[in-house]
Protein chains: 2
Amino acid sequence: MNKIAGKIDGEQVIVVMGQVFSRSNCPVRDVIDNIGGKWNTLMILALAEGPMRFSALRRLIPDISQRMLTQTLRDLQRDGYIDRTVFPTQPPSVEYRLTPLGQSFLSLVKQLVDWSTEHHAAIRAARTAYDAREL
Amino acid sequence: MNKIAGKIDGEQVIVVMGQVFSRSNCPVRDVIDNIGGKWNTLMILALAEGPMRFSALRRLIPDISQRMLTQTLRDLQRDGYIDRTVFPTQPPSVEYRLTPLGQSFLSLVKQLVDWSTEHHAAIRAARTAYDAREL
DNA sequence: TGCGGAAGTTACTTTGAGGGAACCGGGCCA
DNA sequence: TGGCCCGGTTCCCTCAAAGTAACTTCCGCA
């Protein structure tokens with residue numbers, strides 16, 4: 001069995017697929033934090049339909065609060081998944097659209113959606129079986 | 001623009017890729033909750049190296065607490081990603097291994113890792129640029 | 001006889017993601 | 001002139017995820 005974790009310069013390190021990852025420089029964390037957020041993937045999927053304005057997104061996803069909508073959009077913008085463009089109309093309107101990076105990420109999200117729908121039944125079955133055993 | 005969200009029987013619903021998802025029956029949520037957990041994907045990757053015992057996993061991932069190791073393994077077992085086998089040796093030893101479902105999920109995780117490493121630089125650059133603008 | 005490993009459990013605490021509600025300035029419109 | 005829409009911001013609160021630490025049972029070993 002080959003070792004996949006250890007310490008370098010006192011920092012915890014793990015080796016996956018031949019690559020070294022540490023906590024302070026972990027590419028996967030950066031991405032998982034976006035996938036894991038409650039609204040982030042949904043936002044990406046919404047914007048996959050085309051560029052949209054703030055209020056359009058609100059109408060599209062009525063469950064999200066204004067606060068979380070703003071925050072999610074900022075987070076995605078910060079990491080380069082979406083672009084924010086202000087048009088100097090009266091009143092000013094703001095448009096959000098996927099960047100090329102966002103488009104690329106979208107294909108990953110789509111695979112996630114595909115896998116999930118394909119294996120959802122198996123997961124639910126496993127869960128039910130497990131819970132039945134644990135009575 | 002086509003509508004991708006609305007209500008059915010009073011429950012919030014969203015349509016993605018031609019499929020209807022609701023909060024109470026959302027395949028993607030079940031999977032994202034596993035991807036999003038702090039240790040879950042790492043555990044899957046660790047077990048990709050082969051079946052392992054509890055203490056081997058502890059040694060492999062020294063940063064995880066015993067409590068979180070147990071909990072993560074239970075969560076993954078519950079959803080059918082891993083199997084837990086007790087061998088009646090003295091003292092009893094317990095082995096964890098990926099199920100076929102877990103193997104299938106692993107390929108998804110690997111794609112995530114690949115995408116992340118490939119686009120990590122772009123993400124960090126976007127972040128730096130954003131933060132510089134927001135001073 | 002008491003130490004340590006294996007595989008946990010239990011109780012307590014901390015952290016931060018997310019939710020709710022109110023507020024804001026500018027313009028438009030009736 | 002008093003609302004309403006647009007695109008937010010601010011404050012406060014809650015709850016669940018994660019961390020810390022101590023305890024456990026069974027065994028072998030020296």
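How far from a phosphate oxygen of DNA strand C does a polar side-chain atom of B:Arg84 lie? The separation is 2.4 Å in this predicted model. Two further side chains, those of A:Lys38 and B:Arg53, also place an N or O atom by a phosphate oxygen of the strand. The table lists the distances.

| Residue | Distance from a phosphate oxygen of DNA strand C |
|---|---|
| B:Arg84 | 2.4 Å |
| A:Lys38 | 2.6 Å |
| B:Arg53 | 3.0 Å |

**Surface near DNA strand C**

DNA strand C is surrounded by 19 residues, of which A:Lys38, A:Arg67, B:Gln66, B:Arg84 and B:Tyr96 are the closest. Of the strand's atoms that come within 4 Å of the protein, 60% belong to sugar and phosphate. Sorted by class, this surface contains seven charged, six polar and six nonpolar residues.

Four elements each contribute at least two residues to the surface: helix 4 (66-78) of chain A, and helix 3 (54-60), helix 4 (66-78) and strand 6 (93-98) of chain B. Helix 4 of chain B provides the largest share, with four residues.

**Contact between helices of chains A and B**

Helix 4 of chain A also meets helix 5 (residues 100-133) of chain B; their axes come within 8 Å and cross at roughly 120°. On the chain A side the contact involves A:Arg74, A:Gln77 and A:Arg78, and on the chain B side B:Ala126, B:Arg127, B:Tyr130, B:Asp131 and B:Arg133. By class, five of these residues are charged, two are nonpolar and one is polar.

How values were computed
Residues numbered from 1 in each chain as written. Chains lettered and ligands numbered in written order. Predicted model: local features only at pLDDT ≥ 70, side-chain atom pairs only at ≥ 80, totals over all residues. Heavy atoms only, no water. Near = heavy atom within 4 Å. Polar contact = N/O pair within 3.5 Å; in protein donor to acceptor, adjacent residues only side chain to side chain. Nonpolar A, V, L, I, M, F, W, Y, C, P; charged D, E, K, R; others polar. Axes fitted to C-alpha atoms, helices over the stretch in contact; angles between N-to-C directions. Contact = heavy atoms within 4.5 Å.
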